[in-house]
Amino acid sequence: MYVSERLNEHHVLDAFDSGSGPLDQWLKNDARRAQGAGMAQVYVWREPDSQVVVGYFAITPANVAPDDLSRSVRGGYSSRIPGYLIARLAIARQLRGQGYGSELLLDALESAAAAANLGGGRLIVVDAIDDNAFAFYRHHGLTPIGGTRRLFVRIDRVSETIGSVLYGERPSHTETVVTGFRWAITAPPDHTLVLQLEPIAAARRAAKDSAVGLFSVAGFTPIVLPTDALDSARAGVTCRIDSPVHLTIVIRQEAGPAIDIPVPHDSPALTTAVKADGFVRTYATTDSIGASGLIDRAMMTRDMANGVVLGARVAVATAPSG
Ligand SMILES: CC(C)(COP(=O)(O)OP(=O)(O)OC[C@H]1O[C@@H](n2cnc3c(N)ncnc32)[C@H](O)[C@@H]1OP(=O)(O)O)[C@@H](O)C(=O)NCCC(=O)NCCS
């Protein structure tokens, strides 16, 4: 797994080799200057214990010409359409062909979508550097504009566009259970429960902090890497099986009533697995579930790097009757 973060002065760029000379040279010679001048934001991937960059992308604001865009894509406007350009994207040669290119693209799309969430924007565009890159973007559902090598995706469609490539049709299931909470459940055999405290605007930051605090007090511990093991079940937290399609996570507080967090789902197989294992892996996080309701591994890795993923192995307290 790789850490994704904004380019900084500690990153080592010299050895970067994606097989595309212009993209390698730009990273080594121009990226820091472009970022310093506010022309682009550059994000890099590195291993957790190394500063050597193994992938990168750059995003920059864009005003997309409306020509050749359908009325619905333009949202009915005939002016230029605001959005973001993925100006560059490349992965180290040794990592190719293992799915990392998809994840890097997802990382770039999600970063652009996050920027648009704050500052507005309707489209993300890319200018494919060659026919291979064009085919790569087509494969991920981006749509060509006219007869050019420019492709776009609507920002409100980002997760569903690429999510189906990364995760298949709908391998996980999400329910909004109470305001501010959302579950995503990974497909078998993982059966991991990821509880997302809804992305909360700055004004509601305190609410988010207190929700994260609740899980810390209950014995959830920070997860720093996707590989971190959850060794022991947490005494203060249990999982109750209410029916084949309903679990409840119960958090006992030192003072006050226990807090029940229902986990409705549509997978009896999940209940069977939880019952057989005697525990369920549960994570509380802030921004790891994409708009489509799927767990987004790139976002979750970033959440981990930011120290906001808390996890616990939660013991099953009550077997279902019958
Ligand atoms: C383009 C690039 C990022 C792809 O990364 P990668 O690691 O080779 O691709 P992945 O292994 O992640 O492939 C992911 C998916 O994309 C598909 N894919 C990869 N390259 C493709 C291509 N040229 N055409 C069509 N599909 C392609 C794979 O088949 C795979 O699909 P699947 O998940 O359905 O099996 C990488 O090759 C690269 O950095 N190239 C040099 C720089 C470059 O051209 N960047 C684009 C700049 S505009």
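Select first the seven strands of the open sheet in this predicted model. Their order is E1-E2-E3-E4-E5-E7-E6, and the pairing is mixed. Strand E1 (3-6) and strand E6 (143-144) stand at the edges; each has a single partner strand, so one side of each lacks a neighbour in the sheet.

Next, display E6 together with strand E7 (residues 150-154). These two strands pair in the antiparallel sense, over two bridges. For one of the residue pairs, select Thr143 and Phe152: Phe152, in E7, is the bridge partner of Thr143.

Proceed then to the ligand, which 23 residues surround. The closest are Arg96, Gly101, Ala133, Ala135 and His139. To view the elements behind this shell, colour strand E4 (81-91), helix H3 (100-119) and helix H4 (131-139), which each give two or more residues to it. Which element provides the largest share of the shell? That element is H4, with five residues. Colouring the shell by class shows twelve nonpolar, ten polar and one charged residues.

Finally, turn to the largest nonpolar core, which has 82 residues. Ile59, Ile86 and Ile124 have the most contacts inside this core. At least three core residues come from each of domain 1 (3-167) and domain 2 (173-318). In soluble globular proteins, nonpolar side chains tend to be buried together.

Within the core, centre the view on Ile59. Leaving aside neighbours within four places in sequence, Ile59 is in contact with Ala40, Gln41, Tyr84, Leu85, Ile86 and Ala87, and also with Ala108, Ser111, Ala112 and Ala115.

Conventions:
Residues are numbered from 1 along each chain as its sequence is written. This is a predicted model: local features need pLDDT of at least 70, side-chain atom pairs count only at pLDDT 80 or more; totals for chains, interfaces and linings use all residues. A residue is near a molecule or strand if its C-beta atom, placed from the backbone, lies within 6 Å of it. Helices (H or I, at least four residues) and strands (E, at least two) are DSSP runs, numbered from the N terminus. Ala, Val, Leu, Ile, Met, Phe, Trp, Tyr, Cys and Pro count as nonpolar, Asp, Glu, Lys and Arg as charged, and the others, Gly among them, as polar. A nonpolar core is a set of buried Ala, Val, Leu, Ile, Met, Phe, Trp, Tyr and Cys residues joined through C-beta atoms within 7 Å. A residue is buried if 20 or more other C-beta atoms lie within 10 Å of its own, exposed if 12 or fewer, and partly exposed in between; C-beta atoms are placed from the backbone. Domain bounds come from an automatic or database domain assignment. Two residues are in contact if their C-beta atoms, placed from the backbone, lie within 7 Å. Two strands pair if DSSP finds at least two bridges between them.
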